[in-house]
Amino acid sequence: MAGLKTASGDYIDASWELSVAVEELGPEAEPLTLRVTGDVHIGGVMLQIVDKIKVKQNWSDHALWWEQKKLWLLKTNWTLDKYGLQADARLRYTPQHKPVRLQLPNRRMICVHASFSEPVFRAVAGICRVLSIRHAEELSLLRAPKEKDKKKRKGPVLGTEDEFDLSGVVLPASAEQQPFRGMPAHFSDSPATEACYRMLSVSWTGLTPEHVLKMPRPSNLVEKAQINSRWLSSSRSLMQQDVRENEQLWLRFKYYNFFDLEPKYDAVRITQLYEQARWAVLLEETESTEEEMMVFAALQYHINKLSLSADPTETAGEQGMDDLDSALSNLQVKLEGGTSTSDMLENLTTIPELKDYLRVFRPRKLTLKGYKQHWVVFKETTISYYKSREEALGEPVQQLNLKGCEVVPDVNISGQKFCIRLLVPSPEGMSEVYLRCEDEQQYASWMAGCRLAAKGRTMADSTYQSEVQNILSFLQLQRASPDAPVAPDAEAMGTQWLVSPRYQKKFKPKQLTPRILEAHQNVAQLSLTEAKMRFIQAWQSLPDFGISYFVVRFKGSRKDEILGIANNRLIRIDLAVGDVVKTWRYSNMRQWNVNWDIRQVAIEFDEHINVAFSSVSAGCNIVHEYIGGYIFLSTRSTDKGRGLDEELFYKLTGGHEAL
């Protein structure tokens, strides 16, 4: 490669010097200097580097990183000219996979090798393969909060006492891993990796009330929004986002759209999902009533008790039903999954209606009037109510189309209060109506109908009956049995860590323990996996489950507001009082785009409704990725043969960076 030299030592051809720092030689080492021309390929440059270093090792994972451009030079057949490289370029020859420290949903720490050169979407898929978590597209990585963001805490932070190391794990070449001794084969290599599998698949039993109190928890919507400002972009690599080797990141379920949860294959996934749900409840990231908190506490108590003696290699084989039941259940899920089946059912059958006397309340300013009894008719997705049954042929007092509305439960079992709060979109804003039912059965039937109608589906939908049953079983969990015997180990285990700090302050342990044990009677027969699944289902039925918050400024508004992003809708929330102002469903979305120059998201819905906002608390790309990610997840198919369309994900979430 040497050019021709003149008598004075200058080169007279087109070659020039390229400076490359080699990570293996240490931070103090001088960069290598290579003489190159613009038509040299990247692969040729890498060969020159290896020749010059004269160190025998496997260099196959190494690649060139262009520091100024924040760009990996991965196309080895491209020339320096094609990449636009010149003599001022600072290159680094470095491994593409580096160790990172991850805090998992269960708050334990683990060290893994992650790809620093691929988009985060693919890097997370690699991490999840090592951890044996299916459907990696539901998870992503956040930056850990900076020290100054954390509230001052005394004592060790949860999960940092012992760190598990999987950085040396080599996965088998085949995609489908055969279990060995009841666990994925790569965990059975040593006692250390077996202990790691136990940590991943069995809940941690050593929590104390102090652990819960020391954890930082959001006290308002703005603080909840700040958490979401730390998500990494899925379409850019870790290196492009200035993540350093051995840096701490958080691995979390980002999209609350859990696909195909199957106990047989998902021991780690179900445990980590349960743990994320449990911390969301304990740290009040998801609000719950006192009765609901006692159910969550009872389920945790039960799971904790079973986890003390759990063998993860056995729970992998544990099934809530036998093979025939499992096959029938999967068939039912497939039938319920496709919208076309629901449409066929609706065409073939008469759509069921609900008609009954309910008490109705419409909150208005300057009024003290309470509930009034009305004859209420629920037909398709519309509720109409009349002064009496006899007047049902005439004009209703009010008619509400529930498509796109917010349905919020307002239940107190001990007080026999079964209310449904409806926030219905109207041209003037949100119309608020409460329906009060007589008993659990009536409440479950109407509540299930309202939830389906909000999604634009009727009671002819095949999921209606299962929705009714889910509501009834959740209510049953909250019902206390008066003569529950107190288990002797309950006091010993302590019960305060089972509830959020608000209830730790409200109740003394002597008051808490009997209440939790009463609730425990309803779940005492559940297996470990069933109890975790029941906890996840109960979490999913909370009113503000699965809403990710952002502080935004809507176009034309002078004040900051909150945008809630859920798996099927966007919610506009008043920042001052926390009330829902408006809801828009993705199913009504016609198009959306981002003006990257002014960082504004603009969305067009049916009926020429246009919404535009700029993000205040997080980068515009994070909001854009959330919306696009949920739309992408709705395209997933139950067909096992069909892989994920990764390109579609980048197209929907990456914005201008992905194109």
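**Exercise 1. Charges over rings**

Find which ring Arg436 lies over, and how far it is from the ring centre.

*Solution.* Start at Arg436 in this predicted model. Arg436 sits over the face of Tyr371, at 5.9 Å from the ring centre. The cut-off for this kind of contact is within 6 Å of the ring centre, so the distance qualifies. Now try Lys75: its partner is Trp78, and here the distance to the ring centre is 4.9 Å.

**Exercise 2. A salt bridge across the sequence**

Work out what the salt bridge between Glu138 and Arg636 ties together.

*Solution.*
1. Check the contact. The two side chains meet at 3.0 Å, N to O, and the cut-off is within 4 Å.
2. Place each residue. Glu138 lies in the loop between helix 3 (120-131) and strand 8 (139-143), while Arg636 is in the loop between helix 18 (620-633) and helix 19 (646-653), so the pair joins parts that are 498 residues apart in sequence.
3. Ask about surroundings: are these residues buried or exposed? Glu138 has a relative accessible area of 0% and is buried. Arg636, at 12%, is buried as well.
4. Look for further partners. Glu138 and Arg636 belong to a network of salt bridges that also links Arg134, Glu137, Asp260, Asp266 and Arg269.

In the structure as a whole, the count of salt bridges comes to 30.

**Exercise 3. Two more salt bridges**

Compare where the partners sit in Glu625–Lys254 and in Arg572–Glu561.

*Solution.* Take Glu625 and Lys254: their closest N and O atoms are 2.9 Å apart. Glu625 is in helix 18 and Lys254 in the loop between strand 12 (248-253) and helix 7 (267-282), a link between distant parts of the chain, 371 residues apart. Both of these residues are buried.

Next, Arg572 and Glu561 form a salt bridge with closest N and O atoms 2.8 Å apart. Arg572 belongs to strand 22 (residues 569-573) and Glu561 to strand 21 (residues 561-565), so this pair ties together parts 11 residues apart in sequence. Arg572 counts as partly exposed at 21% relative accessibility, whereas Glu561 counts as buried at 5%.

**Exercise 4. Aromatic pairs**

Classify the ring pair Phe121 and Tyr650, then do the same for Tyr255 and Tyr626.

*Solution.* The search of the whole structure gives 30 aromatic pairs. For Phe121 and Tyr650, the ring centres are 5.8 Å apart and the planes stand at 75 degrees, so the pair is edge-to-face. With Phe121 in helix 3 and Tyr650 in helix 19, the pair ties together parts 529 residues apart in sequence. Phe121 is buried at 13% relative accessibility, and Tyr650 is buried at 8%.

Tyr255 and Tyr626 are edge-to-face too, at 5.7 Å centre to centre and 70 degrees between the planes. Tyr255 lies in the loop between strand 12 and helix 7, Tyr626 in helix 18, and 371 residues separate them. Both tyrosines are buried. They share one aromatic cluster with Trp231, Phe550 and Tyr630.

**Exercise 5. Following helix 12**

Test the span of helix 12 (residues 440-454), then examine its ends.

*Solution.*
1. At 1.5 Å a residue, the 15 residues should span 21 Å, and the end C-alpha atoms are 21 Å apart, which agrees.
2. Of these 15 residues, 13 are buried, so helix 12 is largely enclosed by the rest of the structure.
3. At the N-terminal end, Asp439 acts as a cap, with a side-chain oxygen 3.3 Å from the backbone nitrogen of Gln441.
4. After the helix comes Gly456, with a positive phi near 85 degrees.

Notes: Residues are numbered from 1 along each chain as its sequence is written. This is a predicted model: local features need pLDDT of at least 70, side-chain atom pairs count only at pLDDT 80 or more; totals for chains, interfaces and linings use all residues. Side-chain values use heavy atoms; hydrogens and water are left out. Helices (H or I, at least four residues) and strands (E, at least two) are DSSP runs, numbered from the N terminus. Buried means under 20% relative accessible area, exposed over 50%, partly exposed in between (1.4 Å probe, protein chains only). The expected span of a helix is 1.5 Å times one less than its number of residues. A polar contact is a pair of N or O atoms within 3.5 Å; within protein, one must be able to donate a hydrogen and the other to accept it, and residues adjacent in sequence count only if both atoms are side-chain atoms. Rings of Phe, Tyr and Trp (its six-membered ring) pair if their centres lie within 6.5 Å; planes under 30 degrees apart count as stacked, over 60 as edge-to-face and the rest as tilted. A charge sits over a ring if NZ of Lys or CZ of Arg is within 6 Å of the ring centre and within 35 degrees of the ring normal.
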